[in-house]
Structures are given as structure tokens and as C-alpha cells.
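Visitor: Before we begin, could you take me through the aromatic contacts and then one of the strands of this model?

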Amino acid sequence: MAAKIKCTTFNVRGFNTPQKRSQVIRLLKKSQTDVCFFQELHFRESNVPALQKSYFQHWFLSVYGTAKRGVGIAISKRVPFILESTQTDPEGHYIFVKGVIGTQKATLASLYSPNRGQKQWIRNTLHKLDSFTEGTWLLGGDLNVTLNPHTDSSDGTSQLTQSAPGCINRYFSDTHLIDTWRLVHPNGRDYTFYSAPHNTYKRLDYMFISSNSINMVDSSSIDPMMVSDHTPVSTVISLSSLSTPYKQWRLNETLLDKPTDVKSLEQKLTWFFCENSTPGMSLITLWETHKVVMRGELIALGSKIKRDRQPTLHSLLKQIADKESIPKRSKTLQVQTELSQLRTQLKDHLNVCCAKAYQYSQFRFYSHGDKGTKLMSPLIKQRKESMYIPSIKSKQGTMLLNSSNFISSYSH
């Protein structure tokens, strides 16, 4: 069975503060994003913060000298990615990453078009990408232009000349790139950016895939606007070369902390054996079946506890999604005010979660102090795995995979 990978492009409008990074990564993790194309990171070249790798294991950045622009690509630990090469822009407007996902070659690109001269910039950037790319293309970015003003803008206008959108569409057509959201919603109208001064909505953020890979596209959506003035755009693709990872279930002992939950599980277990201990029923079959049933009950209990822990987050996300579902051309001032209040509440809630995590981290490291415990062993293990060298190329150009061959090759 082909594995599904969710790709998201997100203009975060600043990624410098730990609170903002925690908010964004928490939301992306909740939505199970595997590959994220970031724009407007606003990192200074001389002061790039350390990015956490607990969820996104691979980070590739292109930054500028000042706190402007900046793009990046983050790949989660669930995606088996092997890097081959990268190409960055000194101005921090684009980054290209080429590698292998599973056994399939792919080129990832994150773009942030300047506010002026979009037509020429997109043409030059696509030309550079065309000479760099191999395999399947996946491109996400903020182009700062509506490709079709009649359907991608609430007022039907474009900030460029009348012929510019058509030229930009031809550039993408010449490089065989397809807009995934428009592919899935050929007659749809939705927007990714709201301009309060002009009271207009525009679709400025896009996900593209190479035309020979459009059969890989499962779905595409424009998500609710939450912690930025741009909405994330997501596309789910299927990779036949990558099988669905198998996860071995293990009992979470904390599910048995509450006596009421334990009593409920005991009652269900007693009921199962009373109902299914019938004449002719094999004891082996009964025993194996009971393990499957109780595993399902424990999984359901764990999901319920997880939902109960985050009722505020679920409620806020649902309310924002409901408000966003109202046709954007007919939104009143009251709806806009309610949306702004809900987004503020969402940021405050995520900030509280971030503060709790930071406080717990401080307590955890302080309580261990200089004791000889296993606190650092997972971190050392991750570093050891990232520095592992699986093969070495000899002077003759052959790949050596055995450590004994390494020694004999370099001893001569």
C-alpha cells in the first residue's frame, strides 16, 4: 500500500520567537504535516536560532542578512529522506533541495516572490529550478501574485499589468508544473490572504507538482487562517515507492492510573469472556481474540483522554474553521472581528502550552543536574545516527560498504 505524505506551504510572517515556532510546529504536528515549505522566516544570517528536531528532523534554510524574507523546508522524521544537494538564494527568496524519498528521487522548492517584479523573478527562478531538478517536483510558496485574478481575487483585480498573470501561467506551463489546489478544485473559489486596508481576499500561496506526477495527488485544501496573515495550503500525495510504515502498538501504562478506567476495562474483559466462552470455542482463538478486543478498548481510551486534555484547542480550531467556511466575499465586519478574537485566543492558548513545556523542560534538566542518568543518551543516540557513514567511495570510484574494506583501501 502506497504511503501518503502531506505537504504544506505556509507563510509564517516571522519565525524568530520561540513562542511563534512552538505555535506553528504544534499546529503542523496536529495536522500531521510531513513536509512544510516555509516563507518569511525573518531569520538573520548571523543569528539563526536552533530549530527543534523532535518532529521535523531535517531543516533546510535560505536566509538574508537582515530580518527580512527567508525561506525553508522542514521534513518530518516519518519521511525517509536522503539529501543529495541544495541550492539557496543569497537574497533569501528561494531554496531548492534534491534528494531521495524512499527509493524515489524528488526535488523540493520553497519560494517567496518579491513584492515587485514578480513576473521576471518567477521566470528566472523557474529557469534555475529547471536546471537543478531531478525526479518529481514539489514546489510550495508565496508568489505575491494571483495567477487568475477573476477567480483568485475577491475583487477580480490584479496588482500587475493585465498581461502579467497570463505570462506567469505560461512560465509554469513551460516547466510542466501544475497547481494542485486548482487541479482538485477546478471551479472552486478560495483565498489564502486577507488585506485589511483594501478589504480584499487573494490566493497568493500555491502548491505545484510536476505534470507527470499528478496521479500522485490525493487531495488539496486551503486550511483556516490561524497564527499568520496567510493560510496554509496543503496537498496530500501518494508515493508508491514508499510503503505505509508499520507501527507496533505498546501499552501506555498511564492509561491504568485511574481506578475508574481500570474498573471499566475489567468489566469489559469479564463481559467478553462471558459472551464468547461457548462450547466448541477454541481456547487459543478465545485468548488471541481477547487481546485484539482489549487493545481496541485501550486505544479508544487513550484517544478519549487525549481529546479531553485539549478541549480548548479543538473548540477554537473548530470555531475558526466554521467562521472561515462562510463565503469570504460576504463576510461582515462582525465576522471579521469574531475571527480576530478567536485567533487571539488560539495564540494565547498555544503560548500557555509553550510556557508549560518550557517550564517542564527546565524542571527536568534541573532535577537531573550532573547525575549520571539516561537523560542525555537519546540525544547522543540521535547525533550518532546522524553522523553515521554507511559507505565510502574509493579512489577507483567504487562504493565500499564493509568496514574491513575501508581499512584496506586507505592503508595503501
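Visitor: Are Phe-15 and Phe-43 buried or exposed?
Guide: Please keep in mind throughout that this is a predicted model. The label depends on relative accessible area, with under 20% as the cut-off for the enclosed class. On that scale Phe-15 and Phe-43 are both buried.

Visitor: What kind of aromatic pair do Phe-15 and Phe-43 form?
Guide: Their ring centres lie 6.2 Å apart, and the angle between the planes is 40 degrees. Planes under 30 degrees apart would count as stacked and those over 60 as edge-to-face, with the rest in a third class. The pair of Phe-15 and Phe-43 is therefore tilted.

Visitor: How many residues apart in sequence are the parts that this pair ties together?
Guide: Phe-15 belongs to the loop between strand S1 (2–11) and helix H1 (18–30), while Phe-43 belongs to the loop between strand S2 (35–39) and strand S3 (56–62). The contact between the two rings therefore ties together parts of the chain whose separation in sequence is 28 residues.

Visitor: Which residues are linked by ring pairs into a cluster with Phe-15 and Phe-43?
Guide: The structure holds 14 aromatic pairs. Ring pairs link Phe-15 and Phe-43 into a cluster whose other members are Phe-38, Tyr-55, Phe-56 and Trp-59.

Visitor: What is the geometry of the pair formed by Phe-272 and Phe-273?
Guide: Phe-272 counts as buried at 5% relative accessibility, whereas Phe-273, with a relative accessible area of 26%, is partly exposed. Their ring centres are 5.5 Å apart and their planes stand at 80 degrees, so the geometry is edge-to-face.

Visitor: Which residue lies over the face of Phe-132?
Guide: There are two contacts to describe here, and in one of them Arg-69 lies over the face of Tyr-64, at 4.1 Å from the ring centre. In the other, the face of Phe-132 is covered at 4.6 Å from the ring centre by Lys-98.

Visitor: Why is strand S12 largely enclosed by the rest of the structure?
Guide: On one side of S12 lie Asp-205, Met-207 and Ile-209, on the other Tyr-206, Phe-208 and Ser-210, and all of these are buried. Strand S12 (residues 205–210) is thus largely enclosed because the number of its six residues that are buried is six.

Visitor: Which residue stands opposite Ser-210 of S12?
Guide: Strand S8 (residues 136–142) pairs with S12 in the antiparallel sense over five bridges, and there Leu-138 has Ile-209 as its bridge partner. Strand S9 (residues 177–179) also runs antiparallel to S12, joined to it by three bridges. Opposite Ser-210 stands Leu-177.

Conventions
Residues numbered from 1 in each chain as written. Predicted model: local features only at pLDDT ≥ 70, side-chain atom pairs only at ≥ 80, totals over all residues. Heavy atoms only, no water. Phe/Tyr/Trp six-rings, centres within 6.5 Å; stacked < 30°, edge-to-face > 60°. Helix = DSSP H or I, 4+ residues; strand = E, 2+ residues; numbered from the N terminus. Buried < 20%, exposed > 50% of the residue type's maximum accessible area, 1.4 Å probe, protein only. Lys NZ or Arg CZ within 6 Å of the ring centre and 35° of its normal. Pairing = 2+ DSSP bridges.
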